[in-house]
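Grab your viewer and work through a few exercises on this model. Each one sets a task and then walks through the solution.

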Amino acid sequence: MQNDFSEALEMYRNNLKKHSLKATPQRMAVHKAMLELGHASADIVVEHIKETGEAPVTTASVYNILSQLADLGIYGRRLSSNNKMFFDVNTARHFHLYDKERHIYRDLMDDELMEIIESKLKKKKFKGLSIESIDIQIVARPTGRSRRTR
Ligand SMILES: [Zn+2]
């Protein structure tokens, strides 16, 4: 686990370098938080960084870092139903399971299902449009048990 973590940080450093960005303490702190959180809004990342005391940050600076990295394709980006921009550290193809009450995203990896959907869509024509990507979100709500534990 620790090894995966340092490997992920090394990949991130290389990625920053490729885009001529410095690996500032803030950028490193943001990515460490994202690796631990998976999906998070700027507020959640700030809270996490403040807990760890990794680097001095503000919500604005964290939001800027997250947006810049999302523009470069290093993070995914999605808007929650309560209108918060969430960033996603996982840029591989996947579905999302979205808890609409607590606004938590979970990754759902299912290559077989993705292939079925892609092959179905390939046969369809959308006048004036071509499919660029597929972004599927399954909306869920907590079951009684998990609701109580919160
Ligand atoms: Zn995700």
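**Exercise 1. Work out the spacing of the zinc donors along the chain, then see which parts of the chain they tie together.**

Step 1. The donors of the zinc ion follow the pattern H-x48-D-x5-H-x1-H-x10-D. Donors here are N, O and S atoms within 2.8 Å of the metal (3.2 Å for Na, K and Ca), and since water is not among the atoms, sites may look incomplete.

Step 2. Put names on the pattern: His39 (NE2), Asp88 (OD), His94 (NE2), His96 (NE2) and Asp107 (OD) coordinate the zinc ion at 2.1 to 2.2 Å.

Step 3. Distant parts of the chain get linked by one pair, 55 residues apart: histidine 39 sits in strand β1 (residues 39–40), and histidine 94 in the loop between β3 (85–88) and β4 (95–99). Helices (H or I, at least four residues) and strands (E, at least two) are DSSP runs, numbered from the N terminus.

Step 4. Check burial. Histidine 39 has a relative accessible area of 13% and is buried; histidine 94 is buried too, with 9%. The cut-offs: buried is under 20% relative accessible area, exposed is over 50%, and partly exposed lies in between (1.4 Å probe, protein chains only).

Before going on, two notes on the ground rules. This is a predicted model, so local features need pLDDT of at least 70 and side-chain atom pairs count only at pLDDT 80 or more, while totals for chains, interfaces and linings use all residues. Residues are numbered from 1 along each chain as its sequence is written, and side-chain values use heavy atoms, with hydrogens and water left out.

**Exercise 2. Lay out the pairing of β1, β2 and β3.**

Step 1. β1 pairs with β3 in the antiparallel sense, over two bridges. Two strands pair if DSSP finds at least two bridges between them. In this pairing, alanine 40 stands opposite phenylalanine 87 in β3.

Step 2. Strand β2 (residues 76–79) is also antiparallel to β3, joined by four bridges. Glycine 76 has aspartate 88 in β3 as its bridge partner, and Asp88 is one of the zinc donors.

Step 3. Look at the turn. The hairpin of β2 and β3 has five residues between the strands, and asparagine 83 there takes a positive phi near 65°. Asparagine 83 is exposed, with a relative accessible area of 61%.

Step 4. Why flag that phi? Because most residues other than glycine have a negative phi. Serine 20 is another non-glycine case, with phi near 55°; it lies in the loop between α1 (2–18) and α2 (25–37) and is exposed at 68% relative accessibility.

**Exercise 3. Find the strand order of the open three-stranded sheet and see what surrounds aspartate 99.**

Step 1. The order is β5-β4-β6, with mixed pairing. β5 and β6 (137–140) are the edge strands with a single partner each, so one side of each has no neighbour in the sheet.

Step 2. β4 and β6 run parallel and are joined by four bridges. Aspartate 99 stands opposite alanine 140 in β6.

Step 3. Valine 139 is in strand β6, and its C-alpha is 6.3 Å from that of aspartate 99, 40 residues away along the chain. Leaving aside neighbours within four places in sequence, valine 139 is in contact (heavy atoms within 4.5 Å) with Tyr98 and Lys100. Valine 139 is exposed, at 52% relative accessible area.

Step 4. Add the side-chain partner: arginine 102, in the loop between β4 and β5 (104–108), makes a polar contact with the side chain of aspartate 99 through its own side chain (2.6 Å). A polar contact is a pair of N or O atoms within 3.5 Å; within protein, one must be able to donate a hydrogen and the other to accept it, and residues adjacent in sequence count only if both atoms are side-chain atoms. Arginine 102 is partly exposed, at 25% relative accessibility.

**Exercise 4. Decide whether serine 67 is buried or exposed, and find what it touches.**

Step 1. Serine 67 is in helix α4, which covers residues 59–71.

Step 2. Its relative accessible area is 13%, so serine 67 is buried. The buried residues of α4 also include Val62, Ile65 and Leu66.

Step 3. Not counting residues up to four places away in sequence, serine 67 touches Arg77 and Phe87.

Step 4. Follow the chain out: just after α4, glycine 73 takes a positive phi of about 85°.

How values were computed. The expected span of a helix is 1.5 Å times one less than its number of residues.
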